[in-house]
Structures are given as C-alpha cells and as structure tokens.
Amino acid sequence: MTSTAFADPAGTWNQRFAADGFLFGTEPNAWLREHAGVWQPGQRVLSVADGEGRNSVWLARRGLQVDAFDISEVGVAKARRLAATHGVEVNFSVADCDGFAWPEAAYEGVAAIFVQFADPALRSRLFAHLRRCLRPGGTLVLQGYTPRQLEYRTGGPPIESHLYTEALLREAFADLDIVELRDYEADLAEGSGHHGRSALIGLVARRPAAAP
Ligand SMILES: C[S@@+](CC[C@H](N)C(=O)[O-])C[C@H]1O[C@@H](n2cnc3c(N)ncnc32)[C@H](O)[C@@H]1O
C-alpha cells in the first residue's frame, strides 16, 4: 500500500476491485468463521469496510441480519452481486468510515476484518464507533496484522503505525470485556490479497451488559 492509497482511498480501492475475481476471495475471513458462533440467526450485525462482500454475504447466509459498508463503490457493487448469487439480502452502503451513519447501540455484532487503512487518528475515531454501535452484550470480532507482518509482506499496509499489538487493542477496547485476544501466525489463503505466512492478531470482545 502506498501513500496514494491513503490520499485517495476510494480511487485506489475502486481500481483494485475493478480487476476480475475477488481480491480477498469469496470465503469469509478465517478468524471471523471461527468466532461467528457468538451471534445467533436473526441478530443484527455490521460488517465494516466490507470490500467485495465475502464476510457480509457469509454472515447473511448464516441467517444474520447484516448491514455492511465500504468506501469503494466498485467493491460494494461486486458485494451486491455476490449476495444475489447466494440469494441473500445484505443492507449495503457506500460510505467512508467517518461518514457512515453509525447507529448507537444497534448491533449484536460487529465484524471489523482488516480495517488497517486507518492511521492512528482515524483508528481512534473508528474504534470509538465500533464500541458505541454495539448493544450492551453485543460482540466485536476484529482481525488485523501485527508489526511482525512487516517481515512477511503477505498483506496489509507496510506501515507500522497502522498495525496492532495486544497492548494497543487492550487499551483501545478497555471498556469492553475481552473474550479472546490472540497474537499468532498462520498461513492465509484469502484471495491473492491476503496470501501466505502472516503475523496476525484476533480480538473477540463484548460490550458489558447494561446494569440492571
Ligand atoms: C484490506 S480490505 C478488507 C476488506 C474486507 N473487510 C475483507 O476482509 O475482505 C480494506 C477495505 O477497506 C476499505 N476502505 C479503505 N478506506 C476506507 C475508509 N476510509 N472508509 C471505509 N472503507 C475503507 C477498502 O475499500 C477495502 O475494501
């Protein structure tokens, strides 16, 4: 990812998603697949910066009621077609994460998978939205890369300040109950965009239930 990617994210991602096929594949992210059992069919979830729809469509196929947004209209158009192919409905919108109309305490679940386009200032605003749009008792499932990924270069932005450590995530989500926080390595096969040995971090965290 170059600085142009951050100067013109919509243009950059539109160009990437204009290629044939699906940059990150059509199967869901592995961390999301492993942890989506925290949500029950019928519950409302949000897929943040959903790209070409692999995660939102899979969640909808599990019977969840899914909202999804992304800055790239090309990505969202492909996501709509993927949903139609599978005969499921997802409430898609094209939006920048600063411009999305984040509803307060609306979702039982939020999936934030590889949203490391965000520099520290944008990340702080984005993470605040992630926390606030969860209902009490709702669960966030988040996946990203750690700084060790700079050695692998098999996906993600090559900029250390965009990457996550356990300490960073613990501090950022201190007001949530951490269900699982795992710093690990794995061989990813998620399209050509995320492929090969990867230094990953996964978080599952729950907004505390409201006091009685
Ligand atoms: C690495 S991709 C991950 C896509 C998807 N979450 C997945 O796992 O397949 C990052 C996504 O962030 C989107 N994006 C980049 N900047 C954004 C912004 N400021 N607001 C919303 N989406 C953004 C891109 O269009 C792209 O789809």
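Begin by selecting Gly75, Val76, Lys78, Ala79, Leu82 and Ala83 in helix α5, which are buried in this predicted model. Viewed down the helix axis, these residues lie on the same side of α5, because they cover an arc of only 160°. The pattern follows from a general property: an α-helix has 3.6 residues a turn, so residues three or four places apart point the same way.

Extend the selection to the whole of α5, residues 73–85. The helix has 13 residues and spans 18 Å between its first and last C-alpha atoms, close to the 18 Å expected at 1.5 Å a residue. Rotate to the other side of α5 and pick Arg81, Ala84 and Thr85, which are exposed.

Next, display what covers the buried residues of α5. The covering elements include two helices, α2 (9–17) and α4 (54–61), together with the strands β2 (65–70) and β3 (90–94). Before leaving the helix, select glycine 87, just after α5, where phi is positive at about 65°.

The tour now turns to charged pairs. Side chains of opposite charge can pair when their charged atoms come close. With a limit of 4 Å between side-chain nitrogen and carboxyl oxygen, the model contains 15 salt bridges.

Select arginine 44 and aspartate 67, whose closest N and O atoms are 2.9 Å apart in a salt bridge. Arginine 44 belongs to strand β1 (residues 44–48) and aspartate 67 to strand β2, so this pair ties together parts 23 residues apart in sequence. Aspartate 67 is buried, at 10% relative accessibility, whereas arginine 44 is partly exposed, at 26%.

Move to arginine 135 and glutamate 108, where a salt bridge has an N to O distance of 2.5 Å. Here arginine 135 is in strand β5 (residues 134–145) and glutamate 108 in strand β4 (residues 107–113), so the pair ties together parts that are 27 residues apart in sequence. Arginine 135 is partly exposed, with a relative accessibility of 33%.

Then select arginine 182 and glutamate 180, a salt bridge in which the closest N and O atoms are 2.7 Å apart. Both partners should be coloured by accessibility: arginine 182 is partly exposed at 27%, and glutamate 180 is partly exposed at 26%.

For the final stop, select Arg148, Asp183, Glu185, Asp187 and Arg197 together. These five residues, Arg148, Asp183, Glu185, Asp187 and Arg197, are linked in a network of salt bridges.

Notes: Residues numbered from 1 in each chain as written. Predicted model: local features only at pLDDT ≥ 70, side-chain atom pairs only at ≥ 80, totals over all residues. Heavy atoms only, no water. Helix = DSSP H or I, 4+ residues; strand = E, 2+ residues; numbered from the N terminus. Expected span 1.5 Å × (residues − 1). Buried < 20%, exposed > 50% of the residue type's maximum accessible area, 1.4 Å probe, protein only. Arc of directions from axis to C-beta. Contact = heavy atoms within 4.5 Å.
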